[in-house]
Amino acid sequence: MDLDFDVVELDESDHPTEGVQAPDFVRPLVNDEYWEDVALSELTADGPVLLVFYTMDGDFPATYIWNELRDRAWDDDYDVTIVGLSISSPYEHKTFIEEREMDYQLFSDPQNGVAEEYGITNDLDGMAGISEPRPAVFLLDGDRTIQYVWVAQEWPDFPDYDEVENEIAAL
Amino acid sequence: MSDSAVTDDPSITLYRLQACPFCERVVRTLDEYDLEYRSRFVEPMHSERNVVKRISGNRTVPAIVDETTGVTMSESANIVGYLETTYGNGA
């Protein structure tokens, strides 16, 4: 069967790699009740963090990835905080958290500055002026040192969930 | 607020709604007395404000929690009066 569709190749990314300290940032962190400015370093101060960059709330990859992360619930079995980041507004995040029925908190970064800092921006074709993070996963230890990283090289693309779980288990 | 204000864990938490003039009145007073505070934003719908009800007993904003004095309070006039009395020039 010849499936006639295109997976978009993304440009090479220039992101920080394993062993490097991930850049700190402050953004509104949204939970199911409110949002407030929180630093990434405040989260890592409590232990390892899985920082999940994903695409805007409402597209199908965002739904797929958070359904998967919710169902796998790694934080039940391991000492890890799972947190997301997209360009969606706090209001959209709050709705998304409710719809996905998940316990995870989401950073809101409409101007995409964090993805820029991490070298993983993706300018969207056909949506003038909108840039968002390409899908990416950074596993950080308590010092924000990167223990594992995956960055999408094509679009759409999803992390290898089993591999991420192995890395979390190996911390 | 600067980044350091965020990470310094201020003792005052303000529950607020975007574009709410009563909330801004409290913000102005906090700024006037150079008080550091943490902003927690809630949604316009009252039914979506359970966190505020849990801390203050009702769903209105603004509401503040001051861990230094152990005070939790609603209603902007009350809050402004409290801040003046506790942190104002006459305090």
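1. A quick word on terms: a residue is buried if 20 or more other C-beta atoms lie within 10 Å of its own, exposed if 12 or fewer, and partly exposed in between, with C-beta atoms placed from the backbone. This is a predicted model, where local features need pLDDT of at least 70, side-chain atom pairs count only at pLDDT 80 or more, and totals for chains, interfaces and linings use all residues. Residues are numbered from 1 along each chain as its sequence is written, while chains are lettered from A and ligands numbered from 1 in the order in which they are written.

2. Helix 2 of chain B (helices being DSSP runs of H or I, at least four residues, and strands of E, at least two, numbered from the N terminus) exposes B:Pro21, B:Arg28 and B:Asp31 on one side. On the other, B:Cys23, B:Val26 and B:Leu30 are buried. These buried residues cover an arc of only 60° around the axis (taken from the directions from the helix axis to the C-beta atoms), which puts them on the same side of the helix.

3. What do the buried residues of helix 2 of chain B pack against? Strand 1 (12-16), strand 2, strand 3 (63-66) and helix 4 of chain B; contact here means C-beta atoms, placed from the backbone, within 7 Å.

4. Just after helix 2 of chain B comes B:Asp34, with a positive phi, near 55°.

5. As for the chain contact, chain B brings 12 residues and chain A 10 residues. On the chain B side, strand 2 gives the most, with four residues.

Key:
Contact = placed C-beta atoms within 7 Å.
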